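Please open the model in a viewer and keep the sequence panel visible beside it. The tour below proceeds by selections, each followed by a short account of what is found there.

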Amino acid sequence: MSLVLQFFVQVIFMQYIFLLTVVVKWGGKLLSLPFFSGISEQSHNGVLKDIGNPSWKRPLPYVVVATLSSFLFGYHLGGSTLAEGLVVSSCLGGAFLGSIFSGLIADGLGRRRSFQLCALPMIIGSSISATTSSLGGMLLGRFLVGTGMGVGPPVVAMYVSEVSPAFVRGTYGSFTQIATCLGLMTAFFIGIPAKSVLGWWRVCFWISAIPAVLLAFLMEFSAESPHWLLKRGKIADAEEELERLFGASHVKPAMAELCKSGRGDDMDTIKISELIHGRHFKVVFLGSVLFALQQLSGINAVFYFSSTVFRSAGVSSDIGNICIGVVNLSGSIVAMILMDTLGRKVLLIWSFLGMALAMGLQVTAASGFLQGSENMYLSVAGMLLFVVTFSLGAGPVPGLLLSEIFPGRIRATAMAICMAVHWVINFFVGLLFLHLLEILGPKTLYTVFTTICLMAVAFVKKNVVETKGKSLHELEMALLPVD
């Protein structure tokens, strides 16, 4: 069994490296085309005029390192689906606490140190869980891991948006979703022997400490966000990091743009009242509703309880989880390709529409219109369709979109508030789903999920702005509220 496990682990990590390599090579060929690269254009007098984009290769290693945080998030999320209720609740409680303080940490320590601080409780928590023999030790370990899971997502979303050139920001933002999917699949594969090998769960926890250590170590050599450095008044350091990220020829224009967006009251203390009922309420409300709709769409019901659906169709839970992971990963890769071509808003609309259709299939299966086995297969098809359409937009877009539309002054705190909303709703959906399923029945409950997905389509169409190809400064100026 250990040889089989080693094989699966190697396959997952090789797939991760392979996908990133494909992105680099494919992206290099694509971005070398004049349409994407914009390296030069011919002026009216025949002289070539430089309008080049910054190099997409320079920030790529730092983005990949940052996505280790997302890999850890997916790994521990996958482990949570296999754990007992109290242990899961402890992890979710830690995630909520971590998300609340993520804004203070990101603004106070910087993005790099925030990643390292995110990795620390994951290392300690995993070690405690791997060595404990008591329920209290397990709960403490999972709570500490949860705090890291809470800090990571908002920080990685901000970091990727702040170090990426505008023309590939959507593609790089999609890396976080791909890394999360790979983390989920790794957890499923590594957890397979746990049912037959005594004490294997301890190995699962020890393995999770490895990418956490890598994240803390590699972040020491990664670039800091120029946005954060300028916000702290470290102009020379910001210029140095911009050269590191985009190249020397792009430092001056990038600094000019950063100074425009950083001008004014960036160093003032952010008042929560500004975000809850003040001048920034609208954009924070938009972000909170997007995360709420994401969680209320039914995705957690699918992830947490997919095993039951697969078993009813005669498929083992292990194979079912792997199928969910493969479908989720495939959709995320497609989203990465389309993010900077179709745009965020289009992907969100079609994603929620597809999810509504998938839930409609679930409603049909629950209604019993078809014969026995046909209902089961229709339910499985609806579940897989839901996962793939979720991964095309509703999964990767909200975190990326919010890190783009929030002004630099409030970005960290606003992301913290929105992620706290995410975790609260995540907790209550997991807590109440089975009770609602018993009271309402599957047909009614899936109809509710369908309705929420359709409401999400209308909300996105009316309120979400397209951010594709625009710099963070352009977005801030377009969305900045008038005093």
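Begin by selecting residues 1-16, where pLDDT stays under 50 and the model has 19 contacts beyond four places in sequence. Add residues 22-51, a second stretch with pLDDT under 50, for which there are 37 contacts beyond four places in sequence. This is a predicted model, and where pLDDT is low, the predicted coordinates should not be read in detail.

Next, colour the whole chain by confidence. The mean pLDDT is 82, and 84% of the residues reach 70 or more. Strand E1 (residues 40-42) has the lowest confidence, with a mean of 35, while helix H5 (residues 111-131) has the highest, at 96.

Now turn to the interior. Select Leu290, Phe352 and Phe406: these have the most contacts inside the largest nonpolar core, which has 117 residues. Around Leu290, display its contacts beyond four places in sequence, namely Leu348, Leu401, Leu402, Phe459, Val460 and Val464. Another core lies apart from the largest one; it has 5 residues, among them Ala187, Ile190, Trp200 and Cys204.

Stay with the cysteines for a moment. Cys204 is buried, at 14% relative accessible area, and Cys91 is buried as well, at 3%. The count of disulfides is 0.

Which residues does Glu241 touch beyond four places in sequence? Select Glu241 in helix H10 (residues 235-246), and its contacts appear as Ala223, Glu224, Pro226 and Leu229. Glu241 counts as buried because its relative accessibility, 11%, is under the 20% cut-off.

The aromatic rings come next. The structure holds 9 aromatic pairs. One of them joins Phe281 and Phe285, which are stacked at 5.5 Å centre to centre with 25° between the planes. Both residues lie in helix H13 (residues 281-296), 4 residues apart, or about one turn of the helix. Phe281 is partly exposed at 37% relative accessibility, and Phe285 is partly exposed at 42%. Phe427 and Phe428 form an edge-to-face pair, 5.3 Å centre to centre and with 80° between the planes. Phe427 is partly exposed at 26%, as is Phe428 at 43%.

Finally, select helix H19 (residues 411-440), which has a kink of about 45° centred on Leu432. Just after H19, Gly441 takes a positive phi of about 90°. To close, select Phe433, Tyr446 and Phe449, which ring pairs link into a cluster.

Technical notes:
Residues numbered from 1 in each chain as written. Predicted model: local features only at pLDDT ≥ 70, side-chain atom pairs only at ≥ 80, totals over all residues. Heavy atoms only, no water. Disulfide = S-S within 2.5 Å. Buried < 20%, exposed > 50% of the residue type's maximum accessible area, 1.4 Å probe, protein only. Core = buried A, V, L, I, M, F, W, Y, C linked by side-chain atoms within 4.5 Å. Contact = heavy atoms within 4.5 Å. Bend = angle between axes of the 7 residues up to and from the residue. Helix = DSSP H or I, 4+ residues; strand = E, 2+ residues; numbered from the N terminus. pLDDT = per-residue confidence, 0-100. Phe/Tyr/Trp six-rings, centres within 6.5 Å; stacked < 30°, edge-to-face > 60°.
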